[in-house]
Amino acid sequence: MPSGSIHVLRPGLLTTVQDLGRWGYQAIGVPVAGPMDWFSHRLANLAVGNGDTAATLEVTLIGPDLVFDVAATIAICGAEFEIAVDGRQIAMNAAVHVPAGARVVFGRRRRGARAYLAVAGGVLTPPVLGSRATHLVSGMGGHQGRALVAGDRLPIAPPTREVPVTRASGLMLPAAGRARVRLLPGPQIEWFDPSAVAALTSVSFRISPRSNRMGYRLEGPPLARATHREPVSEPLAMGVIQVPSAGEPILLMADRQTAGGYPKIAVVISADLPIAAQLAPGDFVEFTIVSRQEAAAALIARERALLRIAARGQHQP
Amino acid sequence: MTIRPVGDTMLLVEWAHAIDPVVNQKVIALAARLRARLEAAVRDIVPGYCSLGVHFDPLRTDLAGLERAIREEAAQVSGEETTVSGAMHEIPVRYGGPHGPDLPAVAEWARCSPAEVIERHVARVYRVYMLGFIPGFAYLGVVDPAIAAPRRQVPRERVPAGSVGIAGGQTGIYPIASPGGWQLIGRTDVTLFDPSRATPSLLAPGDLVRFVPV
């Protein structure tokens, strides 16, 4: 049962409620949504002793100004912001106890694009089709199916147990607006001219201002196709890089549609989706194609980092 | 049939690369079989026109085992299953006027009267090939080639909920107000999608749809 709430004084640029996504309904056209950076979302939950299913707040580029009307334990992971609780700076990637009436203000952003605020017990907006994730285009889930606005009150749970104040190591954020992201070959890579594959892995692509939670448009040389065939619309996954006929690639992110009909040249590995999620419009990304073994090893390394935090949360007296 | 990975979180099972009711029925039959066998083991099973996506958690999935299960179930998809159809839905539609602002344009493209466009649109029983784009949006086919006008060159920023449109060989109904580029010929009051219902989407892959003018 909710025992308190978070009062939104200022919403920031785009703050949404997210959990791990609305899985199981893509057959009827319902997009998955969920966090752009799954690693930082889970890390924030683990730092406050939550399970994997708890909802967090995803903060984008400009953070919110919030008041907690009950005492709470929070953690903020992902993009590096200056964060003040009642005027005192707090650390990121760590559980922090805040008293009833505390004001949590996101200040200057130093690195990365998206931060996740977890509260012990989770954000308890009503689930829709089994998930609290906000999907903006269809207006589903989260708080009334939309990004937060000033005046919103979000129900939160009473903390279930004392959470030890531990510090986690966060994601290595892209420095100086540049990141390297690893790819696996896409299901239609052979539909592209060899020059297109060469360009994809040798040129820096700029994240277009016309990018959002659905996908990033990547500005660079047009990626030419070797065939005029158009694929029949087929199911999609997060991280797919699809290329419409004009040749400008689109990297599909959390709010992607369930299916689409453009050829897919490559797919970002799961371990590097959090890195892609931390790129902002105007930042640059460089791609390399790796083996399935490297993709698997990178994902296991990420998971190990999370397991270490989970274990610490349980064993500390 | 081929099975190909899409990144490290999805397998794409694909038959002939075509929009074909027999192929589509195989996809739907395999999706039902995989749901019965694997539902708890995978994240999502998503049928398309002629392919099926199986989304999985790479850290909790034996990929070779998953592929084997898909191949075993695909081999079991029988001729009988491929002739089974889903539910039949009759959708009442107000054609033309403010409900179907593109009806004159489709008639012009087809070089016939608006009345003939309506006649040809209601004459067929359509198959739900797949859902996508927005929750509850069903891709219905196949439209009579005589009225299969292409998408509008400039999409609308807001298409009202219930709008019935044509885009080439496809027809469909917008479940909620959204941007859209299909040629709008009518509108229905039927609620296509409601997440609070036990069955949120009125239409499911494999169902049949007939439009009834009102």
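**Exercise 1. A loop residue in chain A**

In which loop of chain A is the place of L129(A)? Then decide whether L129(A) is buried or exposed, and describe its phi.

*Solution.* Keep in mind that this is a predicted model.

Step 1. Find the flanking strands. L129(A) sits in the loop that runs between β8 (103–119) and β9 (153–156) of chain A.

Step 2. Check the accessibility. The relative accessible area of L129(A) is 13%. Buried means under 20%. So L129(A) is buried.

Step 3. Look at the backbone. L129(A) has a phi near 50°, which is positive, and the residue is not glycine. Most residues other than glycine have a negative phi.

**Exercise 2. Another positive phi**

Locate L61(A) in chain A and give its phi.

*Solution.*

Step 1. L61(A) belongs to the loop between β3 (56–60) and β4 (65–68) of chain A.

Step 2. Its phi is about 65°, a positive value, although L61(A) is not a glycine.

**Exercise 3. Chain A as a whole**

How many helices and strands does chain A have? Why is chain A counted as being as compact as a globular protein of its length?

*Solution.*

Step 1. Count the elements. Chain A has four helices and 18 strands.

Step 2. Compare two radii. The radius of gyration of chain A is 20 Å, and the globule rule gives 20 Å for 317 residues. The values are close, so chain A is as compact as a globular protein of that length.

Step 3. Add the box. Along the principal axes, the C-alpha atoms of chain A fill roughly 60 × 35 × 30 Å.

Step 4. Look at burial. Of the 317 residues in chain A, 59% are buried.

Step 5. Look at contacts. Take those between residues at least 6 apart in sequence: 77% of them join residues at least 24 apart.

Step 6. Turn to the surface. Chain A exposes about 11,800 Å², and 56% of this comes from carbon and sulfur atoms.

Step 7. Finish with charge. Chain A carries 31 positive and 23 negative side chains. The centres of the two sets are 2 Å apart.

**Exercise 4. Where chain A meets chain B**

Describe the interface by its residues and by its buried area.

*Solution.*

Step 1. Count the partners. In chain A, 38 residues are in contact with 42 residues of chain B.

Step 2. State the area. About 3,100 Å² is buried between chain A and chain B, and carbon and sulfur atoms give 65% of it.

Step 3. Name the top contributors. I28(A), V232(A) and P235(A) supply 20% of the area that chain A buries against chain B, more than any other three residues.

**Exercise 5. Three residues in chain B**

Place D102(B), V190(B) and V142(B) in their loops. Are D102(B) and V190(B) buried or partly exposed?

*Solution.*

Step 1. D102(B) is in the loop between β5 (88–95) and α3 (103–110) of chain B. Its relative accessibility is 3%, so D102(B) counts as buried. Leaving aside neighbours within four places in sequence, its contacts include R152(B), R156(B) and W182(B).

Step 2. V190(B) is in the loop between β12 (183–187) and β13 (208–213) of chain B. Its relative accessibility is 25%, so V190(B) counts as partly exposed. Not counting residues up to four places away in sequence, V190(B) touches I91(B), P92(B) and L202(B).

Step 3. V142(B) is in the loop between β7 (138–141) and β8 (156–159) of chain B. The peptide bond from G141(B) to V142(B) is cis, with omega near 0°. Most peptide bonds are trans.

Note on methods:
Residues are numbered from 1 along each chain as its sequence is written. Chains are lettered from A and ligands numbered from 1 in the order in which they are written. This is a predicted model: local features need pLDDT of at least 70, side-chain atom pairs count only at pLDDT 80 or more; totals for chains, interfaces and linings use all residues. Side-chain values use heavy atoms; hydrogens and water are left out. Helices (H or I, at least four residues) and strands (E, at least two) are DSSP runs, numbered from the N terminus. The radius of gyration is taken over C-alpha atoms; the globule rule is 2.2 Å times the number of residues to the power 0.38. Buried means under 20% relative accessible area, exposed over 50%, partly exposed in between (1.4 Å probe, protein chains only). Contact means heavy atoms within 4.5 Å. Accessible areas come from the Shrake-Rupley method with a 1.4 Å probe; for residues, only the protein chains shown count as cover. Lys and Arg count as positive and Asp and Glu as negative; His and the chain ends are not counted. The place of a charge is taken as NZ of Lys, CZ of Arg, CG of Asp or CD of Glu. Buried area is the accessible area (1.4 Å probe) that two parts lose on being put together, summed over both.
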